[in-house]
Amino acid sequence: MKILVTGGAGFIGSAVVRHLLTNSLDSVINVDALTYAGNTESIPTELHSDRYIFEQVDICDAAQIKRVFNEHQPDAVMHLAAESHVDRSIDGPGAFIHTNVVGTYTLLDAAREYWQNLPETRKSQFIFHHISTDEVYGDLPHPDELPANSELPLFTETTPYAPSSPYSASKASSDHLVRSWQRTYGLPTVITNCSNNYGPYHFPEKLVPHVILNALAGKSLPVYGDGSQIRDWLFVEDHARALCLVVKSKRVGETFNIGGHNEKRNLDVVRTICELLDELAPNIELIILHNTQI
Ligand SMILES: NC(=O)c1ccc[n+]([C@@H]2O[C@H](COP(=O)([O-])OP(=O)(O)OC[C@H]3O[C@@H](n4cnc5c(N)ncnc54)[C@H](O)[C@@H]3O)[C@@H](O)[C@H]2O)c1
């Protein structure tokens, strides 16, 4: 397959590109605007070949996106380009609406026009895979809010949407746009909603790398509120494998939740990192600071 990956210079997108170039014979067209979160070095040069093309293009630029479709003739789209940091979305929601909502609309509309003009044999094989977050479902309940001895209820594909930040609201909007392009125009789409990822090339402002880097620099470790928020965690390369499985399974119109069944309170994630750092870098003093924004 020829796969157009948007956001392929970001944390998860680059894991998808590395996975495709290493474990398949697929070609990749990596479309990325290279915002502060994009880094071309996350695709090592030894993986560059005639199966890899990089296009520095903004997904909101309709003319450039149309050119990319016509020039490269992809069989599938894996759409990961987004503004992705919750705290940034609280400080400046405009960029999130622009990229996550307007950008997804621009990409969808270009994909629809391209797909409608494909010959029948290629048309029936095309798929638009939208990569989203489980944050569209809102927050997992605090254990104290649950009846005694009951298990933590997990999100399912039918959990009602209840986004709680400008980031998750913009991702929820993009999910709705993708579903509507399928229902209205018949564009073959599939959506995946994943929990928190961790792993190589994670941008330093996110919780796990931020805590590690602060600890190694001898700085205090920031924990938002009392650290009791619960999130599920998944290794980024496992997410990339799941995404590649989904794009090839061509289950048009489906939604798949992807997770690690690894629910942890933020404070416990920070404590686990501290335990590992005690082992790996025993001479640093670790101070956890509550009620800070990361
Ligand atoms: N990080 C997570 O834990 C997580 C979990 C579930 C789902 N997701 C979703 O996965 C996708 C990728 O997340 P990530 O953590 O890799 O994000 P990221 O912020 O690390 O990377 C985003 C990439 O998109 C690019 N980009 C941003 N705006 C663009 C635009 N207008 N045009 C073209 N490229 C643009 C950036 O340059 C960057 O390379 C996002 O859609 C996110 O919502 C992330």
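Two strands count as paired if DSSP finds at least two bridges between them. In this predicted model, pairing of this kind builds an open sheet of 7 strands. The strand order is β3-β2-β1-β4-β5-β6-β10, and the pairing is parallel. The edge strands are β3, residues 52-55, and β10, residues 255-258. Each of these two strands pairs on one side only. Neighbouring strands of the sheet are turned against each other by 20° on average, with direction ignored.

One edge of the sheet can be followed at the level of residues. Strand β6 covers residues 189-194. The strands β6 and β10 run parallel, and 4 bridges join them. Within β10, I258 is the bridge partner of C194.

Helices lie across the strands of this sheet. Helix α4, residues 93-116, lies across β1 (2-6), β4 (76-79) and β5 (127-133). Its direction makes an angle of about 165° with β5. Helix α6 spans residues 166-185. This helix lies across β5, β6 and β10, and runs at about 160° to β5. Strand β5 is thus crossed by α4 and also by α6.

A serine in α6 gives a closer view of this region. S174 lies in helix α6. Its relative accessible area is 1%, so S174 is buried, the cut-off being under 20%. The residues that S174 touches are N100, T104 and H130, not counting residues up to four places away in sequence. With H130 there is also a polar contact, made between the two side chains at 3.1 Å.

Charged side chains form a further set of links. Side chains of opposite charge can pair when their charged atoms come close. The structure holds 12 salt bridges. One of them joins E55 to R67, with the closest N and O atoms 2.9 Å apart. This pair links distant parts of the chain. E55 belongs to strand β3, while R67 belongs to helix α2, residues 62-72. The two residues are 12 residues apart. E55 is buried, because its relative accessible area is 11% and the limit is under 20%. R67 has a relative accessible area of 27% and is therefore partly exposed, a class that lies between 20% and 50%. The pair also belongs to a network of salt bridges, in which E55, R67 and E71 are linked.

Other salt bridges lie within a single helix. In helix α4, R112 and D109 are 3 residues apart, about one turn of the helix. R112 forms a salt bridge with D109, and the closest N and O atoms are 3.1 Å apart. R112 is buried, because its relative accessible area of 17% falls under 20%. This residue sits in α4, the helix that lies across β1, β4 and β5.

Helix α9, residues 266-280, holds a second example. R271 and D268 are 3 residues apart in this helix, so about one helical turn separates them. A salt bridge joins R271 to D268, with the closest N and O atoms 3.9 Å apart. The relative accessibility of R271 is 42%, so this arginine counts as partly exposed. D268 also counts as partly exposed, because its relative accessibility is 26%.

Note on methods: Residues are numbered from 1 along each chain as its sequence is written. This is a predicted model: local features need pLDDT of at least 70, side-chain atom pairs count only at pLDDT 80 or more; totals for chains, interfaces and linings use all residues. Side-chain values use heavy atoms; hydrogens and water are left out. Axes are lines fitted to C-alpha atoms, for helices over the stretch in contact, and angles run from 0 to 180 degrees between N-to-C directions. Contact means heavy atoms within 4.5 Å. A salt bridge is a side-chain nitrogen of Lys or Arg within 4 Å of a carboxyl oxygen of Asp or Glu. Buried means under 20% relative accessible area, exposed over 50%, partly exposed in between (1.4 Å probe, protein chains only). A polar contact is a pair of N or O atoms within 3.5 Å; within protein, one must be able to donate a hydrogen and the other to accept it, and residues adjacent in sequence count only if both atoms are side-chain atoms.
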